[in-house]
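Work through the exercises below with the sequence and the model in view. Each task is followed by a solution in steps.

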Amino acid sequence: MDDQRSRQIVIVGAGVAGLTAAIAFAERGYPVQLFEQAPRLEAVGAGIQLSPNATRILRDLGVLDRLLPAAMRPEAVVLKDARTLRQLARVPLGQSGESRWGAPYLVAHRADLQSALLACVAEIPDVHLTLGARVEKIATGSHGVTATVEIGGKTVEEQGSLLVGADGVWSSVRGLVDAKRMASPRSRFSGELAWRTTVAVDSAAGQAFAAIGAADCVTTFLHPGFHMVAYPVSKGEAFNLVAFTRGERIAEDWSGHADPDILAAAMRDMAPGLGRLLEMAGPWLVWPLHTVEQKQPWTTPAGIALIGDAAHAMTPFAAQGAAMAIEDAATLAEAVYASPTNPLAALAVWEQSRRPRVVQVARRGAVNRLAWHASGPVAIARNLFLKIRPSEKLATDLDWLYGWHAAPGR
C-alpha cells in the first residue's frame, strides 16, 4: 500500500457522525473515503437540539458559522405540567448559557445541520464522498482494512489504515465484523415511540402552541403517560413537536405508521390548551426508538471503530444523540492523530477513555425519562424538588454535560 493509502480512513455512513468524522480526520491531514448507501442524502427526522458540548466542536471544525443562519438560540429549557400548564422549572440558556458553557445551545432542523456539514466536506479535497455505495464485506490484515463496496452494480475494493462505522442504529458494519468482537449486531426496540410533526408558526397549530408554550424556548410538557418537547426550527418559522409514549414495535425505519389511538390514550387527562394543539398538529409520523447494547465493543484490534448510534444508540431523553456522535467523531480523530506510529492501539485507548462519558449520558437520559413520566408521590416529590431548586442550580447540574471539553488537540 502506498503512503497515501496507508493513512487513508474509510468511513461508512454520511450522517452526522460520518460527516463530522470526515471533517475531523481531514483537518488532521488524513485522506478520507466516505461511503453512503443511500443514493441521495435526505435528512432523517425533523428538529435537533445541539448543546454547547456539540456546538463547541462544530465551531472548531468550521461548521458552526454555516449552521448559525438557519438555527435558533433558545432562551431556556422550560418544564411544564401537561395537566395544568404550570411551569415547574426553567434552565437558562441563551446568552447566559453561552457565557457559562463557552458555546451556544442551538435548535435547528436536522437538514440544516446536514447541509452545513456537507458544505464543509465539499470544500475539502481529501474527502471523497460516494453515494449509492453499499459495503458488502470488510477484511482486515497486514494491509490494513479493505472494504468491498458495491456501487452502481459494480464492485470495488477500498483500502485504508482504519475503517469507521458511522452508519447508525441499524449499522451494517456491526453485522459485517467478527461476531466475537461485536457480539450484538442487531439493535433492540426500547418499547418507546416518538411521534413527531412540524407546524408553521402562523398556522392554527402554531398559534395554539404559542398560547401555552414559549416560542423562544425548548418547552417540555410532563405527564405520566407521555412527555412532549417543542421548540422553534427553520429560522423560527416553524415549531418542531415530538411526543414520546410507550408502544408496540413497528417497522425498523426512521418513520412509519402506528395506531393514533396509542397517542390519544397516552395523552388523556391533559390541559385543554395542549389538547387543542395536539388535535390541530397532525399528521404525526412515528419513530421507533431503538438502542444498542451498551456493553458491546466499539473497536477491534484490526482497525475497525464504531461511532455514534452504530456504537451506542440510546433513547433521546437527554437530547444528546447528535452531540455524542459529534464528540465521538472529534475524539476518535484526535486519538488516532495523537498516536501516528500505532493507530490500531489508539482505537482501544479511545474506547476506554470515551465509554464512561457515554454511559453517564445514557444514565442521565434514563433518569430524565423516569422523572418526566412520574406519577403520584414520585411526581409530587419531583415538583417539590424543581420548585425549591433555583434556575442557577439547575444549570450547574448540567456543567458536566454542556461544559465538557475534548482533550487539547494539535
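The exercises cover a helix pair and a sheet.

This is a predicted model, where local features need pLDDT of at least 70, side-chain atom pairs count only at pLDDT 80 or more, and totals for chains, interfaces and linings use all residues. Residues are numbered from 1 along each chain as its sequence is written, and side-chain values use heavy atoms, without hydrogens and water.

**Exercise 1.** Describe how helix 12 and helix 13 pack.

Step 1. Helix 12 spans residues 321–337 and helix 13 residues 343–372; helices are DSSP runs of H or I with at least four residues, strands runs of E with at least two, numbered from the N terminus.

Step 2. The angle is about 150° and the axes are 9 Å apart. Helix 12 is therefore roughly antiparallel to helix 13 (angles over 145 degrees count as such).

Step 3. Residues of helix 12, including Met324 and Leu332, meet residues of helix 13, among them Trp350 and Val361 (contact means heavy atoms within 4.5 Å). The residues of this contact comprise ten nonpolar, one polar and four charged.

**Exercise 2.** Which strands are the edges of the open sheet with order 7-2-1-11-18-17?

Step 1. The open sheet has six strands with mixed pairing (two strands pair if DSSP finds at least two bridges between them).

Step 2. Strand 7 (127–130) and strand 17 (299–300) each pair on one side only, and are the edge strands.

Step 3. Inside this order, strand 1 (residues 9–12) and strand 2 (residues 32–35) run parallel, joined by four bridges. Val12 stands opposite Phe35 in strand 2.

Technical notes:
Axes are lines fitted to C-alpha atoms, for helices over the stretch in contact, and angles run from 0 to 180 degrees between N-to-C directions. Angles under 35 degrees count as roughly parallel, over 145 as roughly antiparallel, 65 to 115 as roughly perpendicular and the rest as oblique. Ala, Val, Leu, Ile, Met, Phe, Trp, Tyr, Cys and Pro count as nonpolar, Asp, Glu, Lys and Arg as charged, and the others, Gly among them, as polar.
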